[in-house]
Amino acid sequence: MHFKEYSTILVTHEEAIVTVTINRPQALNALSSQVIDDLGALLEVLENTREDDGGWPFRGVVITGAGEKAFAAGADIGEMTAMTPDQAWKYSTRMQAITLKLEALPVPVIAAVNGFALGGGCELAMACDFIYATSSASFGQPEVSLGLVPGFGGSVRMQQRVGPAVARELLYTGRRITADEALRIGLVNAVLGDQDELLATVRTTLAAIVEQSPAAVAAVKSTVERVEGLSTAEGLAIEAESFRQAFTTADMREGTRAFLAKEKPTFPGR
Ligand code: CAA
């Protein structure tokens, strides 16, 4: 599929993987209103595109940043300095809606962080299923140094990712951390040498996911999202429903049949 040209993001589609590159390297890929509009328009296209048989043509999404320096250095400070409180609320909620849509996609979304992931950039990365980073990447929520607070999900997702104590320290100090520290606290899954190694590792992981049942991967993602923050009993009830639902899928019939026949499954994807 060929995507239209957006003014602040580049979009490619190769072997069922959509790669989105935030493309404002001169501003370290800061998330301006235009970036938010472009991401919103792209997500609408992704959500509404179907194959002839009604299936979804994408199996994974990668988000990265253009240039050598940044994934995204945050919300656009130049724009924010002139915003009224109500405009700021709109800016925040528009980007938050995008983060929720990324979480609702039925395929994995991986952040390939190739430099600064600060403020809104770190928040965008945390809205992805997981994060891989280059060794020169850095992370942080420096909003307090600007008299600001996180607006694209950091107050919620940082503690989900690294636990409340470490999250509070990072949010209150605004401290920037290296990729290695981000790995140690569980914010990123892996640290790779450079951009090439980063993208190769993302591709290897996606290839491993693409071999699995698409229906099951979508169901696991949706279940993991829905149980977040619930009590154990509530979470288990949702998991049991998801388990029940799996038994209605052609993928489950094929996966279990192929196992017993000692064959490789060919998943129909539904
Ligand atoms: N918004 C707008 N422009 C930005 C930007 C941002 N978040 N970050 C960098 N830029 C611009 C700089 O103004 C500069 O532009 P000019 O060349 O026109 O001067 C250009 O990008 C290059 O930046 P630097 O010269 O500052 O590059 P550096 O290598 O010296 O420093 C940096 C890099 C440490 C990341 C530094 O740019 C920086 O601290 N940026 C701001 C990071 C930040 O505070 N992010 C959080 C924003 S608040 C937020 O995101 C709120 C929220 O949760 C929604």
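Biologist: In this predicted model, which residue has a polar backbone atom 2.9 Å from a nitrogen atom of the ligand?
Modeller: A polar contact here is a pair of N or O atoms within 3.5 Å, and a pair that involves a nitrogen atom of the ligand is 2.9 Å apart. The protein partner in that pair is a polar backbone atom, and the residue that carries this atom is Ile 77.

Biologist: How much of the accessible area that the ligand has on its own does the protein cover?
Modeller: On its own, the ligand has 980 Å² of accessible area. Of that area, the part covered by the protein comes to 62%.

Biologist: Which helices and which strand each supply at least two residues of the shell around the ligand?
Modeller: The shell residues divide into 13 nonpolar, five polar and five charged. At least two of the shell residues come from each of three elements, namely strand E6 (116-118), helix H4 (120-126) and helix H2 (77-80).

Biologist: Which residues make a nonpolar surface patch with Ile 77?
Modeller: Ile 77, which has a polar backbone atom 2.9 Å from a nitrogen atom of the ligand, also belongs to a nonpolar surface patch of about 250 Å². The other residues that make this patch are Leu 146 and Leu 148.

Biologist: Does Leu 148 count as buried, partly exposed or exposed, and why?
Modeller: Leu 148 lies in the loop between strand E8 (138-140) and helix H5 (154-162). Buried means under 20% relative accessible area and exposed means over 50%. Because its relative accessibility is 32%, Leu 148 counts as partly exposed.

Notes. Residues numbered from 1 in each chain as written. Predicted model: local features only at pLDDT ≥ 70, side-chain atom pairs only at ≥ 80, totals over all residues. Heavy atoms only, no water. Patch = residues over 30% accessible without salt bridge, like charges linked within 9 Å, V, L, I, M, F, W, Y side chains within 5 Å. Areas by Shrake-Rupley, 256 points an atom, 1.4 Å probe, with all protein chains shown as cover. Salt bridge = Lys/Arg side-chain N within 4 Å of Asp/Glu carboxyl O. Helix = DSSP H or I, 4+ residues; strand = E, 2+ residues; numbered from the N terminus. Buried < 20%, exposed > 50% of the residue type's maximum accessible area, 1.4 Å probe, protein only. Polar contact = N/O pair within 3.5 Å; in protein donor to acceptor, adjacent residues only side chain to side chain. Nonpolar A, V, L, I, M, F, W, Y, C, P; charged D, E, K, R; others polar.
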